[in-house]
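I opened this model to look up a handful of residues and one surface feature. My entries follow in the order I made them.

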Amino acid sequence: MGATMDPKTFRERLSEGRMDRRDLHRTLAAVGLSMVAVPMMSGAARAEDKDNLLAMTWAGYEIPEFVGEYVEEHGAQPEYSIFATQDEALAKIRAGFAPDTVHLCTTKTQKFADAEVIKPIDLERVPRWNDLWPRLREMKGVKLDDGEVYMVPVDWGSSSFCYRTDVFEGEGEETWAWLFDDRYAGRVAMQDAIMSIVAAGLVAGYDNPYVMPVDDLPELKDKLVDQRESGIVRFYWESPTEYVNALANGEVDIAMCWANGAIELQNQGIPVKYANPKEGVVTWVCGVSISANGEADDELVYDFIDAMLAPESGVYMIEGYGQGHSNTKAFDMVAPERLAELGFANPSEMMDTSVFSTASPAREAFESVWEEVKLGM
């Protein structure tokens, strides 16, 4: 099984289902893959060489497997600038840095558009647009309030929970409520991120907790505080290594997780399953936006986008990283049994039952509540 990235400060990347560079390298190494080093461009170097495309992206996306057609057409990879969080990228651009593209997620596209640092995409120059999953093309964060498309979706993935099947055998339909059940006191690992609030919201019956009324947050806080004070939670994890090790050695029986963690454990012979809870998995979506102040020729920009959307790029993303790709044709090129192994047996059904992460109008309130939960306030 390949490794997921992940693509959300470290806390932000975790909250969007992303892992840090250390864990990405570790997981790729575990499955026999490696990261290819490519030139990184500084602002000074950019000023001296305006003919190269400069892509601002997450660690792990700066590899030739994702831009094969671009390399074939132009004889070299783009230059890359790596960021840790999208807010860091925004601050850098506002300070004068001028990338040509930015790898954003649907939670932040509107914020970048409001700052006027990205611009609408000319879909006439994106020949593979109609090959993308319809659900992704219409998502809020891909299309913004003005009706324009500001991000071409490329990668997507999910967050759910993993559990020991030898412990949960016969427990019935998978549900997020298991993580709040006092029968499993001291055997639960929650994520140290607002995703834990989302999990509580799904148990409380909210269709999409990301857009729930702020006034309802105290209800979820009480649920999480009770979970903590009653001893149900053994620990909150920051790095996926923590929950993988805890499930492997029997320290916990159930943990919020990502799909790659389940497969990694299964490869170790640990009886673990990645859940498809009745309330839905949480799905993030990211892609390429065009900088409003980029200096490269538009042809390079759209060739780069087209290369990222190529089915071959998608196959590597699916099989190499265990992430979904926006091009439906990529899934046609992967063996059905392999898709099933990676959790993509039916991508359309998966999307239909997903809770998509979106820009929360109350993100600061979510973060404040989560800190209070951890501090027992």
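Entry 1. I looked up the backbone just after α14 and found that G322 takes a positive phi of about 70 degrees. The model is a predicted one, and I read the angle as such.

Entry 2. I then went back into the helix itself. How many of the residues of α14 are buried? Helix α14 spans residues 311-321, and nine of its 11 residues are buried, so I noted the helix as mostly covered. The buried set holds P311, S313, G314, V315, Y316, M317, I318, G320 and Y321.

Entry 3. I looked for a positive phi in a residue other than glycine and noted E116, with phi near 60 degrees. E116 sits in the loop between α6 and β4, the strand at 118-119. Is E116 buried or exposed? I put E116 down as exposed because its relative accessible area is 64%, and the cut-off for exposed is over 50%.

Entry 4. From that loop I stepped back into α6, which covers residues 109-114 and contains F112. The relative accessibility of F112 is 0%, so I counted F112 as buried. I also checked F112 against Y150: the two are 38 residues apart in sequence, and their C-alpha atoms are 9.4 Å apart in space.

Entry 5. I turned to E79, which belongs to strand β2, residues 79-83. Why does E79 count as buried? Its relative accessible area is 14%, and buried means under 20%, so E79 falls within that class. I asked next which side chain E79 contacts. The side chain of E79 makes a polar contact with the side chain of N52, at 3.4 Å.

Entry 6. I looked up charge on the surface and found a negative patch formed by D182, E219, D222, D226 and E229. One of these, E229, lies in helix α10, which runs over residues 217-229. I recorded E229 as exposed because its relative accessible area is 58%. I set this beside E79, which is buried at 14%.

Entry 7. I closed with the totals for the chain. The protein chain has 18 helices and 12 strands. What percentage of the 377 residues counts as buried? The value is 58%. The accessible surface of the chain comes to about 14,700 Å², and carbon and sulfur atoms account for 47% of that surface.

Technical notes. Residues are numbered from 1 along each chain as its sequence is written. This is a predicted model: local features need pLDDT of at least 70, side-chain atom pairs count only at pLDDT 80 or more; totals for chains, interfaces and linings use all residues. Side-chain values use heavy atoms; hydrogens and water are left out. Helices (H or I, at least four residues) and strands (E, at least two) are DSSP runs, numbered from the N terminus. Buried means under 20% relative accessible area, exposed over 50%, partly exposed in between (1.4 Å probe, protein chains only). A polar contact is a pair of N or O atoms within 3.5 Å; within protein, one must be able to donate a hydrogen and the other to accept it, and residues adjacent in sequence count only if both atoms are side-chain atoms. Patches are made of residues with over 30% relative accessible area and no salt bridge: like charges are joined within 9 Å, nonpolar side chains (Val, Leu, Ile, Met, Phe, Trp, Tyr) within 5 Å. Accessible areas come from the Shrake-Rupley method with a 1.4 Å probe; for residues, only the protein chains shown count as cover. A salt bridge is a side-chain nitrogen of Lys or Arg within 4 Å of a carboxyl oxygen of Asp or Glu. Lys and Arg count as positive and Asp and Glu as negative; His and the chain ends are not counted. The place of a charge is taken as NZ of Lys, CZ of Arg, CG of Asp or CD of Glu.
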